[in-house]
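User: Please take a close look at a single helix in this model, and describe how it is placed and what surrounds it.

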Amino acid sequence: MNENITDIAAKDVIVQASLSAIPFVGNSLSTAYFSTKQERRFRRIETFYCDLSERLSTMEDGILPFHSHDEESLVTLIERLNEEIEIESSGKKRDYFKNYFINLLQSPTIERNYDERQMLLDCLASITVLEFEVLLSYSELHKHIVSTQEVEEGLRDGAISRLENLGLLRANYVTETFLGQSPTIKIVSLSKFGEKFIEFCIV
């Protein structure tokens with residue numbers, strides 16, 4: 001359920017007071033957080049749509065007429081997308097949001113594919129740029145554009161686990177017998193949903 005204006009204002013008051021109460025740095029934190037909060041959010045939205053308009057104007061394949069979509073499905077996804085854009089600090093992730101938006105407009109968004117597109121947006125909003133790169137490293141078509149060799153092994157393992165939980169990667173376990181031993185080997189690969197995610201959101 002969406003918060004009303006009163007709830008949001010009350011929450012801001014609580015957050016501001018709580019930040020201010022932190023010893024030594026509270027007042028500075030509170031000022032830094034609230035003085036430019038709305039400006040940052042507005043600027044992200046404004047820049048996003050300016051860039052998006054420029055990209056669409058240079059694309060050979062245009063967008064579909066509005067009547068090709070189910071209005072409620074499309075508007076609901078755009079509303080959620082705007083919320084994510086406002087709070088996303090990574091320019092690279094905002095570029096991925098543009099890819100998602102363009103694909104929403106270039107193919108019909110209807111009730112039948114609404115759940116899938118909601119799931120794609122949920123994944124897009126929740127994963128980090130590092131996790132994007134780990135995911136692309138499993139794509140034969142796109143692994144050449146990323147470099148994750150310098151990532152700490154434990155951090156990469158954590159990213160893989162998260163991507164598995166989201167259904168973007170899948171794990172198969174193979175047992176090999178060699179010299180009386182039968183170790184089980186985990187083989188990670190890109191899932192069908194992961195392929196769809198990359199196609200719709202990343203490239």
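Analyst:
**Helix 5 and its surroundings**

Helix 5 is mostly covered in this predicted model, with 12 of its 16 residues buried. Those buried residues are Lys93, Arg94, Tyr96, Phe97, Lys98, Asn99, Tyr100, Phe101, Ile102, Asn103, Leu104 and Leu105. The elements that cover them include helix 3 (37-58), helix 4 (71-87), helix 6 (111-126), helix 7 (129-136) and helix 9 (192-202).

As for its length, helix 5 runs over residues 91-106, and at 1.5 Å a residue its 16 residues should span 22 Å; the C-alpha atoms at its ends are 23 Å apart, which agrees with that expectation. At the N-terminal end, helix 5 is capped by Ser90, which places a side-chain oxygen 3.3 Å from the backbone nitrogen of Lys92.

Lys93, which belongs to helix 5, deserves a separate word. Its relative accessible area is 4%, and because buried means under 20%, Lys93 counts as buried. Once its neighbours within four places in sequence are set aside, Lys93 is in contact with Glu88, Leu124, Ala125, Ser126, Ile127, Val129 and Phe132.

A word on confidence belongs with this reading. The chain has an average pLDDT of 85, and 85% of the residues score at least 70. Within the chain, confidence is highest in helix 6, at 96, whereas helix 1 (residues 5-20) has the lowest, at a mean of 68. Where pLDDT is low, the predicted coordinates should not be read in detail.

Conventions: Residues numbered from 1 in each chain as written. Predicted model: local features only at pLDDT ≥ 70, side-chain atom pairs only at ≥ 80, totals over all residues. Heavy atoms only, no water. Helix = DSSP H or I, 4+ residues; strand = E, 2+ residues; numbered from the N terminus. Expected span 1.5 Å × (residues − 1). Buried < 20%, exposed > 50% of the residue type's maximum accessible area, 1.4 Å probe, protein only. Contact = heavy atoms within 4.5 Å. Polar contact = N/O pair within 3.5 Å; in protein donor to acceptor, adjacent residues only side chain to side chain. pLDDT = per-residue confidence, 0-100.
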